[in-house]
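Here are my notes on the model you sent over. I've kept them as numbered points so you can dip in wherever you like.

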Amino acid sequence: MLDVINVSKTFNPGTVNESRALTGVSLHLDPGDFVSVIGSNGAGKSTLFNLIGGTYFADGGKILLDGEDITYRPEHKRSKYIGRMFQDPLKGTAPHLSIEENLALAFLRASEHMSPFSRVTKKERESFRERLAELGLGLEDRMKAPVGLLSGGQRQALTLLMATVVTPKLLMLDEHTAALDPATAEKVLDLTRQIVAEQKITCLMVTHNIASALSLGSRTVMMNAGQIVLSLEEKEREGMSVTDLMELFKQKTARSFDNDRMLL
Amino acid sequence: MLLISQTALELGFLYALVAMALFLSYRILDIADLTTDGCFVLGAAVSVTAAVAGHPVAALLCAMAAGACAGFVTAFLQTRLGVPSILAGIVTNTGLYTINLMAMGWSSNKSLLGKATIFTMLKDTGFGGDWYELILAAGVTVTAGALLYWFLGTRLGLSIRATGDNRDMVRASSVNTTFTITLGLCIANALTALSGAMVGQYQKTVDINSGTGIVVIGLACLIIGETVLGRRSVLKGIIAVVVGSVIYRFIYAIVFYTKIVPVDFLKLITALVVAAAIAAPTVKKHLAFQRQKAAGRREEATGDA
């Protein structure tokens with residue numbers, strides 16, 4: 001499904017600010033896998049995501065999606081197959097467009113065969129309404145409202161819908177609940193779990209919440225200093241507590257946590 | 001008086017196309033496109049030259065194509081070559097000066113006197129009586145506005161609107177922002193050139209300096225219109241630029257005929273109006289903050305006593 005092969009990335013090479021963000025990272029995802037990625041700040045999680053998503057390109061190595069080499073494919077072409085969500089709820093939606101128009105944009109990914117001059121049809125509008133109703137946030141009655149009026153949690157739920165309205169080959173979640181209050185975060189996580197399970201989406205998720213890293217998905221991968229230091233299979237993960245995992249992390253990295261967000 | 005109003009209306013509709021172009025580039029794409037001044041003259045020059053050659057209708061299409069090319073150059077500079085958007089417009093604008101001279105046959109002005117224009121063609125049919133110029137000006141502008149409104153509702157138009165709103169999100173929705181910016185600027189500059197083309201044939205002359213300050217006047221029209229009608233939807237925005245442009249031309253006519261202020265002052269006044277309108281939100285915020293601060297101090301003072 002997704003193969004990241006020996007990928008590396010260095011920022012500002014040859015300057016005093018040189019930082020080796022990733023050094024020879026390899027990762028394999030099977031169809032239907034749900035992998036959570038943990039690691040402290042600067043471990044290279046976001047860099048890995050941005051390389052897979054195409055925000056910038058790898059210095060070396062290869063990225064394959066369904067056997068196709070996408071290492072140097074521009075971002076807008078990859079996003080046909082890859083849905084992404086970020087920590088910042090403002091990043092995933094266009095504030096001055098209405099909910100309906102935002103969804104219509106997300107739907108563009110499936111529209112290769114559609115005329116660029118066509119409009120949103122009644123049928124599509126109905127299906128948008130149905131999907132919005134499934135979120136249980138009452139957004140289906142506000143389809144014409146500009147997205148800028150929604151709360152952070154509503155916007156993030158809408159972004160989740162937009163990322164999955166056309167089932168992507170790969171869904172990447174970059175701390176997508178970190179900016180939300182605990183109750184809303186739980187709600188968005190539930191929705192994520194539900195949608196990923198229903199559509200059987202292969203999913204890669206960065207989180208600082210170790211408890212949800214262990215409870216969600218099928219595998220947990222731990223990164224440190226630009227490398228994957230630990231990969232836990234479903235069986236190994238079973239019965240593991242947050243403290244166990246942190247102990248393991250300390251052993252693997254020979255350092256203690258420098259960031260209390262990891263403890264949450 | 002009737003004649004003055006009629007002229008103001010005609011000019012209002014003709015120049016509204018520039019404001020419409022700025023609505024697309026400045027409001028929707030969030031790019032201050034300074035190609036506008038040179039592009040307006042380009043449209044006029046191409047249109048007048050083609051009309052002199054005996055093709056007044058094809059002249060409009062040629063002018064629009066030329067304008068789209070100018071927009072393409074500006075877009076190419078900023079999307080592919082990393083030139084900051086304002087600078088890209090200025091660079092194209094400077095280059096256009098030479099192109100415009102070339103389009104006028106290396107002369108700084110060109111006249112259409114005695115030749116057929118789209119206006120004389122309509123007059124000859126007898127349609128509309130004395131109002132034929134207004135009918136044509138309004139007809140072209142309303143058609144352009146309707147087409148723009150229709151276009152912005154399509155999938156392609158939607159991606160252009162979203163590009164100005166949240167570029168990251170648009171890329172994540174598999175839209176190529178280089179393409180949407182380029183297309184948007186091409187359409188905007190085609191509209192500007194169409195305005196120049198219509199004005200050129202209307203006034204039966206084109207001068208190399210006739211575009212100076214057009215971008216600021218266009219912004220003034222945009223802002224006047226939005227102040228009158230509010231800025232909510234795309235449809236309202238398009239109607240607002242036309243209304244704003246007509247109001248601007250009425251103000252211009254009043255100044256011109258009553259001489260309340262010397263006409264030479266008009267560009268300075270326009271610039272001040274635009275600067276004030278764009279600065280208004282910041283000034284308002286600052287004043288509100290000062291008031292809040294003063295209220296806080298007063299409360300403290302009474303609390304102490």
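In what order do the elements of chain B run from the N terminus on? They go α-α-α-α-β-α-α-α-α-α-β-α-α-α. Keep in mind that this is a predicted model.

1. **Chain B, overall build.** The tally for chain B is 12 helices and 2 strands. Its radius of gyration is 21 Å, which agrees with the value near 19 Å expected of a compact globule with 305 residues. If you're setting up a box, the C-alpha atoms of chain B fill roughly 85 × 55 × 35 Å along the principal axes.

2. **Chain B, inside and outside.** Of the 305 residues in chain B, 50% are buried. Looking at contacts between residues at least 6 apart in sequence, 79% join residues at least 24 apart. The exposed area of chain B is about 14,200 Å², and carbon and sulfur atoms supply 67% of that. As for charges, chain B carries 22 positive and 15 negative ones, and their mean positions are 3 Å apart.

3. **Chain A, overall build.** Chain A has 9 helices and 10 strands. With a radius of gyration of 19 Å against the 18 Å that the globule rule gives for 264 residues, chain A is as compact as a globular protein of that length. Its C-alpha trace spans about 60 × 40 × 35 Å along the principal axes.

4. **Chain A, inside and outside.** Here 53% of the 264 residues of chain A are buried. Among the contacts in chain A with a separation of 6 or more, residues 24 or more positions apart account for 67%. The accessible surface of chain A is about 11,800 Å², with 52% belonging to carbon and sulfur atoms. Chain A has 31 positive and 33 negative charges, and the mean positions of the two sets are 5 Å apart.

5. **The cores.** Which residues have the most contacts inside the largest nonpolar core? They are Met20(B), Phe119(B) and Met198(B), in a core of 68 residues. Helix H1 of chain B (residues 2-28) gives the most to this core, contributing 14 residues. Apart from it lies another core, of 42 residues, and its members include Ala94(A), Leu191(A), Val196(A) and Val175(B). That list has residues from chain A as well as one from chain B.

6. **Around Met20(B).** If you want a place to start looking at packing, try Met20(B). Setting aside neighbours within four places in sequence, Met20(B) is in contact with Thr141(B), Ala144(B), Gly145(B) and Leu148(B), and also with Leu191(B), Ile238(B), Val241(B) and Val242(B).

7. **Ala137(B).** This residue lies in helix H6 of chain B, residues 132-153. Is Ala137(B) buried or exposed? At 1% relative accessibility, Ala137(B) counts as buried, the cut-off being under 20%. Leaving out residues up to four places away in sequence, Ala137(B) touches Glu10(B), Phe13(B), Leu14(B) and Met198(B). Met198(B) also appeared above, as one of the residues with the most contacts inside the largest core. Ala137(B) and Val242(B) are 105 residues apart in sequence, with their C-alpha atoms 12 Å apart in space.

8. **Helix H1 of chain A.** Why call helix H1 of chain A (residues 45-53) largely enclosed by the rest of the structure? Because 8 of its 9 residues are buried. The buried ones are Lys45(A), Thr47(A), Leu48(A), Phe49(A), Asn50(A), Leu51(A), Ile52(A) and Gly53(A). After H1(A) comes Gly54(A), whose phi is positive, near 95 degrees.

9. **Val206(A).** You'll find Val206(A) in strand S8 of chain A, residues 202-206. Val206(A) is buried, with a relative accessible area of 1%. Neighbours within four places in sequence aside, Val206(A) is in contact with Val37(A), Lys45(A), Phe49(A), Leu173(A), Asp174(A) and Glu175(A). Lys45(A) and Phe49(A) are among the buried residues of H1(A). From Val206(A) to Thr253(A) is 47 residues in sequence and 19 Å in space, C-alpha to C-alpha.

10. **Gln156(A).** One polar side chain to round things off: Gln156(A) sits in helix H5 of chain A, residues 152-164. At 1% relative accessibility, Gln156(A) counts as buried. Not counting residues up to four places away in sequence, Gln156(A) touches Met85(A), Phe86(A), Gln87(A), Asp88(A) and Pro89(A), along with His176(A) and Leu180(A).

Terms used: Residues numbered from 1 in each chain as written. Chains lettered and ligands numbered in written order. Predicted model: local features only at pLDDT ≥ 70, side-chain atom pairs only at ≥ 80, totals over all residues. Heavy atoms only, no water. Helix = DSSP H or I, 4+ residues; strand = E, 2+ residues; numbered from the N terminus. Rg over C-alpha atoms; globule rule 2.2 N^0.38 Å. Buried < 20%, exposed > 50% of the residue type's maximum accessible area, 1.4 Å probe, protein only. Contact = heavy atoms within 4.5 Å. Areas by Shrake-Rupley, 256 points an atom, 1.4 Å probe, with all protein chains shown as cover. Lys, Arg positive; Asp, Glu negative; His and termini not counted. Charge placed at Lys NZ, Arg CZ, Asp CG, Glu CD. Core = buried A, V, L, I, M, F, W, Y, C linked by side-chain atoms within 4.5 Å.
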